[in-house]
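Visitor: I would like a close look at a single part of this molecule. Please take me through it step by step, then show me what lies around it.

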Amino acid sequence: MASMLLRRRRISALGVSRVLQAVNGDSFRLGPEPKFETIASLGVRIRNYSSGNGTAKFDFTDLTRPHTWYPNARKKNRKVFLHVGPTNSGKTYHALKRLESSSSGVYCGPLRLLAWEVAKRLNKAKVPCDLITGQEKEEVDGAKHKAVTVEMADITSDYQCAVIDEIQMLGCKTRGFSFTRALLGIAADELHLCGDAAAVPLIQELLKVTGDDVQVQSYDRLLPLVPLELPLGSFSNIRTGDCIVSFSRKEIYRLKKKIETGGSHLCSVVYGSLPPETRTRQATMFNDASSEFDVLVASDAIGMGLNLNISRIIFSTLQKFDGLEMRDLTVPEIKQIAGRAGRYGSKFPWGEVTCLDATDLPLLHSSLKSASPILEQAGVFPSFDLIYMYSRLKPKRGLYRILEDFLENAKLSENYFFANCEEMLKVAAVIDGLPLSLHDKYLFCISPVDMNDEISSQGLKQFAETYARKGLVHLREIFTPGTLEVPKTPTALKELESIHKVLELYVWLSFRLEESFPDHELASSQKNICSLLIEEFLERLGWQKPRSRKLASITSLKSLMEDKKRRYFCD
Ligand SMILES: Nc1ncnc2c1ncn2[C@@H]1O[C@H](COP(=O)(O)OP(=O)(O)OP(=O)(O)O)[C@@H](O)[C@H]1O
Ligand SMILES: [Mg+2]
């Protein structure tokens with residue numbers, strides 16, 4: 001199918017045959033935008049350097065004091081509240097209450113789904129709130145509040161209140177630096193940090209030098225979470241409100257099929273490579289008591305902060321493929337995922353957690369009893385301006401060499417580690433030969449391309465090549481609108497997911513290089529069609545036997561979209 005959509009002469013090899021595919025959450029390389037945000041704080045020495053008088057010896061690779069990169073935040077004496085406790089203890093709830101009552105504010109979350117949930121909640125409470133993620137900007141008239149994915153946090157604005165959710169992610173190898181940037185850089189009178197107690201000592205240490213006032217508020221779980229003594233046993237024991245967790249996309253579909261062929265349940269699915277809007281609607285459908293989709297099959301894409309009507313989490317495995325090898329889930333991962341069961345305010349009075357396989361039960365039980373290991377270091381990454389200034393010392397080098405050199409020479413304090421930038425380097429290696437400015441190269445490097453996905457990486461390459469050659473990239477050059485159709489096989493589904501990624505990449509670029517990527521509307525609408533077709537596959541052409549709903553009568557895409565809007569967009 002994809003050969004019809006992505007012209008063959010440009011995107012050739014399409015097959016992706018990984019049996020086990022990691023199905024993580026949102027794309028993580030929606031890094032901070034390449035704005036000159038640090039330079040102001042580097043002061044006079046940079047001016048000396050720039051004037052070329054040769055007297056200044058500014059060391060751009062000295063990253064030992066990242067808090068000095070954010071003069072706006074440093075002008076404030078921020079009141080920092082650390083809301084810590086187990087999952088489902090009301091941490092985010094209390095922070096959001098403050099946000100809601102503030103005159104201006106921002107919520108920064110790790111997932112689009114969380115940002116979406118918060119924007120919806122604030123708007124419902126008559127607090128106009130924009131939703132801003134790497135790929136979308138939904139602006140509301142008069143909004144003084146924003147719900148954003150953490151990479152989009154604006155450190156140049158002044159807020160009364162800011163919330164950073166799942167703050168323990170500052171220890172994440174790939175995305176941690178964006179949490180650190182938000183932590184040190186957001187200029188707010190009140191900063192609320194929600195997350196695991198394991199992050200407290202590190203945050204206290206990092207904020208010792210900022211002059212902020214830090215208070216810790218601890219919470220207890222609101223509803224009990226009961227680890228079961230028995231595994232699930234037969235699949236006939238599956239019941240409404242169950243969520244089976246698996247880390248392989250193929251396994252997710254196998255489980256869905258197995259449960260649905262039992263004839264009593266229909267399954268929503270949520271996993272990382274599904275389009276975000278599809279994930280949102282699948283989650284909404286599962287949460288909706290009047291929908292027939294009463295069981296969820298999901299990856300760890302549901303693992304953070306989400307409020308889902310889950311009564312019991314069933315781990316199909318306690319191992320996941322992390323891109324390199326199969327490994328056991330960590331204690332925080334198990335606790336985060338298990339914590340989705342029995343959310344306060346859902347219809348279930350407590351949560352339960354078990355496994356498919358009895359041999360996994362001891363690890364499950366011991367992990368739930370263990371404290372998460374104390375975080376030792378926070379991620380950090382040089383902003384574009386530092387890389388740019390450094391590049392002037394190394395003329396004629398491509399971004400790959402500049403990044404590599406920079407990281408080799410960079411100095412950090414013991415509280416920080418360098419973000420893993422392998423994915424950025426992969427992009428740099430592909431585009432370095434093109435006649436593009438360093439700024440443009442950096443932009444392509446932080447774009448949400450999935451370099452492990454052949455279609456997505458080919459899409460990026462073609463966009464960058466055309467942009468370098470002509471400065472203008474029309475979507476039609478690599479994509480033929482109007483050819484998308486409901487996938488008929490799991491392979492076609494996978495291809496459609498990849499095509500969605502290419503369209504998402506175009507939309508992302510069109511936000512940042514508006515004139516050069518002018519087909520924003522077309523790419524957005526095709527992207528939406530893509531996700532609707534994927535959902536149609538999930539609902540109609542999957543393995544389930546629809547019961548009462550007359551899906552067969554939905555023939556045109558228009559009526560399909562209207563049908564979906566009626567059912568899932570009206571809230
Ligand atoms: N005091 C309260 N009154 C009403 N609802 C509450 C209260 N506290 C929490 N809730 C609700 O309970 C649910 C869980 O709360 P919340 O999302 O804040 O937990 P959390 O500690 O942030 O969990 P996680 O670690 O999973 O992110 C949410 O639906 C929230 O709205
Ligand atoms: Mg939370």
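In strand β2, which residues lie on one side and which on the other, and are they buried or exposed?

Guide: One caution before we start: this is a predicted model.

Now to your strand. β2 covers residues 105-109. Gly105, Tyr107 and Gly109 lie on one side. Val106 and Cys108 lie on the other side. These residues are all buried, and both faces of β2 are covered. Count them up: five of the five residues of β2 are buried, which leaves the strand mostly covered.

Next, look for the partners of β2. One is strand β5, residues 145-149. Five bridges join β2 to β5, and the two strands run parallel. To see one bridge, start at Gly105 and cross to β5: its partner there is His145.

Another partner is β6, residues 158-164. Four bridges join β2 to β6, again in parallel. Return to Gly105. In β6, its bridge partner is Cys161. Thus Gly105 has a bridge partner in β5 and another in β6. Now move along to Cys108. Its partner in β6 is Ile164.

Stay with Ile164, for it takes us onward. In strand β7, its bridge partner is Leu193. Ile164 therefore gives us a path: it pairs with Cys108 of β2, and with Leu193 of β7. β7 spans residues 187-195, and six bridges join it to β6 in parallel.

How does burial look in β6? Five of its seven residues are buried, so the rest of the structure largely encloses this strand.

The chain also links β6 and β7 by way of a helix. This is α7, residues 176-185. Together, β6, α7 and β7 form a right-handed β-α-β unit.

Pause in the loop between β6 and α7, where Glu166 sits. Its phi is positive, about 55 degrees, although Glu166 is not a glycine. Here is the background: most residues other than glycine have a negative phi. Is Glu166 buried or exposed? Its relative accessibility is 8%, so it counts as buried, given that the cut-off is under 20%.

Compare Lys126. It lies in the loop between α6 (112-124) and β3 (129-133). Lys126 is not a glycine either, and its phi is about 65 degrees, a positive value. Its setting is another matter. Lys126 has a relative accessible area of 73%, so it is exposed, since the cut-off for that is over 50%.

Now to the ligand. Ligand 1 has 15 residues around it. Those that come nearest are Asn88, Lys91, Thr92, Tyr93 and Arg343. By type, the shell divides into four nonpolar, seven polar and four charged residues.

Which atoms approach the oxygen atoms of ligand 1? A polar side-chain atom of Lys91 lies 2.7 Å from one oxygen atom. For Tyr93, a backbone N or O atom lies 2.7 Å from an oxygen atom of the ligand. For Gly90, a polar backbone atom is 3.1 Å from an oxygen atom of ligand 1. On its own, ligand 1 has 630 Å² of accessible area, and the protein covers 80% of it.

Asn88 deserves a stop of its own. You will find it in the loop between β1 (79-84) and α5 (91-101). Its relative accessible area is 7%, so Asn88 is buried. Now find Asn72. It is 16 residues from Asn88 in sequence, yet 34 Å away in space, C-alpha to C-alpha.

Finish with two buried side chains in helices. His365 is in α12, residues 361-369. Its relative accessible area is 16%, so it is buried. The side chain of His365 reaches the backbone oxygen of Leu228 at 2.8 Å.

Lys501 is in α18, residues 490-512. With a relative accessible area of 12%, Lys501 is buried too. What does its side chain contact? It makes a polar contact of 3.5 Å with the side chain of Asp453.

Back to your strand, then. β2 has buried residues on both faces. It is joined in parallel to β5 by five bridges, and to β6 by four.

Technical notes. Residues are numbered from 1 along each chain as its sequence is written. Chains are lettered from A and ligands numbered from 1 in the order in which they are written. This is a predicted model: local features need pLDDT of at least 70, side-chain atom pairs count only at pLDDT 80 or more; totals for chains, interfaces and linings use all residues. Side-chain values use heavy atoms; hydrogens and water are left out. A residue is near a molecule or strand if one of its heavy atoms lies within 4 Å of it. A polar contact is a pair of N or O atoms within 3.5 Å; within protein, one must be able to donate a hydrogen and the other to accept it, and residues adjacent in sequence count only if both atoms are side-chain atoms. Accessible areas come from the Shrake-Rupley method with a 1.4 Å probe; for residues, only the protein chains shown count as cover. Ala, Val, Leu, Ile, Met, Phe, Trp, Tyr, Cys and Pro count as nonpolar, Asp, Glu, Lys and Arg as charged, and the others, Gly among them, as polar. Buried means under 20% relative accessible area, exposed over 50%, partly exposed in between (1.4 Å probe, protein chains only). Two strands pair if DSSP finds at least two bridges between them. A crossover is right-handed if, with the strands pointing away from the viewer, the path from the first strand over the helix to the second runs clockwise.
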